[in-house]
Amino acid sequence: MGRLLLVRHGETAWNAEGRLQGSEDISLSEEGRRQARLIGDRLADRSIDVAFSSDQSRARETAQHILEGRDVVLNPIPELRERSHGVFEGLTVRERKDQYPEMFAASLVKNLDFAPDGGETFRATNLRMAGWAHDFLQKHLKETVLVVGHGGSLRGAIIAWMGFPDESTWRFMLANCGLSIIDTYADNAVLRLFNDISHLGGLEPES
């Protein structure tokens, strides 16, 4: 049996402002660094054999906080990058609605093949993550692996590992520095914990 410790990156200034990040390489805010230290404390007593993160700085820095003091090499990889939001990146909900009204309206429909101009569709993200996730799993079936990524990329990986339909894309979300755990077997994967943020001091506030 193996175990996957899945963590979304800590908060950034754009997260706090409600701006879409996607492929933009935004660093952690001070609050994000605090969250990363807290998830690091949460996982301090857990053995980690190998660690991967997105090569985007917010995920990479979160992983570095978690691995602080450990003799574990971090492997930043582009496969774990966030879904690109194209022209929507850097914009708030109001700005997207004002600047791109037709595309904004289309973005509210559950359509796996929608992408803002220059962006990546939900289906393409899930396909990208599925191609990575299955190969990755076979290589690390008997190890405890830290994987630090993004809301969209980790969701796509979870969908692949758990055999969920692509339509489940809209059924769950991942909080900043939320912890999910999947136990892995040669013929199965078991979701043991999902999006736990108790180490951050409570439940995610409703938006």
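1. Glycine 69, placed just after helix 3, adopts a positive phi of about 85°. The model under review is a predicted one. Helix 3 itself spans residues 57-67 and is mostly covered, with nine of its eleven residues buried. Among these buried residues are Arg58, Glu61 and His65, alongside Ala59, Ala63, Ile66 and Leu67. The buried residues of helix 3 pack against helix 2 (30-42) and against four strands: strand 1 (2-8), strand 2 (50-54), strand 3 (74-77) and strand 4 (144-149).

2. Positive phi values also occur at residues that are not glycine. Cysteine 177 has a phi near 60° and belongs to the loop between helix 7 and strand 5 (179-185). Cysteine 177 counts as buried because its relative accessibility is 0%. Asparagine 195, also not a glycine, has a positive phi of about 50°; asparagine 195 is located in strand 6, residues 188-196.

3. The largest pocket has a volume of about 1400 Å³. Its lining comprises 41 residues, of which Arg8, Leu20, Arg96, Arg155 and Met173 are the closest to the pocket centre. Two or more lining residues come from each of helix 1 (13-17), helix 4, helix 5 (101-107) and helix 7. By residue class, the lining of the largest pocket contains 16 nonpolar, 15 polar and ten charged residues.

4. Arginine 96 deserves separate comment. This residue is found in helix 4, residues 93-99. Arginine 96 is buried yet takes part in no salt bridge, and the nearest side chain of opposite charge, that of glutamate 95, is 7.2 Å away. Leaving aside residues up to four places away in sequence, arginine 96 touches Gly18, Leu20, Phe88, Leu91, Pro101 and Phe104.

5. One cavity of 30 Å³ or more is found in a search of the whole structure. The largest cavity encloses about 40 Å³ of space. Arg83, Phe122, Thr125, Asn126, Gly152, Arg155 and Thr169 form its lining. Helix 6 (122-139) and helix 7 (151-162) each supply at least two of the lining residues, and helix 6 gives the most, with three. The lining of the largest cavity divides into one nonpolar, four polar and two charged residues.

6. The structure holds 13 salt bridges. One of them joins arginine 33 to glutamate 30, with the closest N and O atoms 2.9 Å apart. Arginine 33 and glutamate 30 are separated by about one helical turn, because they lie three residues apart in helix 2. Arginine 33 counts as partly exposed at 21% relative accessibility, whereas glutamate 30 counts as exposed at 57%.

7. Arginine 81 and aspartate 55 form another salt bridge, in which the closest N and O atoms are 2.8 Å apart. This pair links distant parts of the chain, 26 residues apart: arginine 81 is in the loop between strand 3 and helix 4, and aspartate 55 is in the loop between strand 2 and helix 3. Arginine 81 is partly exposed at 39% relative accessibility, and aspartate 55 is likewise partly exposed at 22%.

8. Glutamate 120 and arginine 128 also meet through their side chains in a salt bridge, at 2.9 Å from N to O. Glutamate 120 is buried, with a relative accessible area of 17%, while arginine 128 counts as partly exposed at 26%. In addition, Arg3, Asp183 and Arg192 are linked in a network of salt bridges.

Methods. Residues numbered from 1 in each chain as written. Predicted model: local features only at pLDDT ≥ 70, side-chain atom pairs only at ≥ 80, totals over all residues. Heavy atoms only, no water. 1 Å grid on protein atoms, 1.4 Å probe; cavity = no way out; pocket = protein on both sides within 12 Å on 5 of 7 lines; lining within 4 Å. Points joined across faces, edges and corners; volume = space filled by probe spheres on them. Nonpolar A, V, L, I, M, F, W, Y, C, P; charged D, E, K, R; others polar. Buried < 20%, exposed > 50% of the residue type's maximum accessible area, 1.4 Å probe, protein only. Lys, Arg positive; Asp, Glu negative; His and termini not counted. Salt bridge = Lys/Arg side-chain N within 4 Å of Asp/Glu carboxyl O. Contact = heavy atoms within 4.5 Å.
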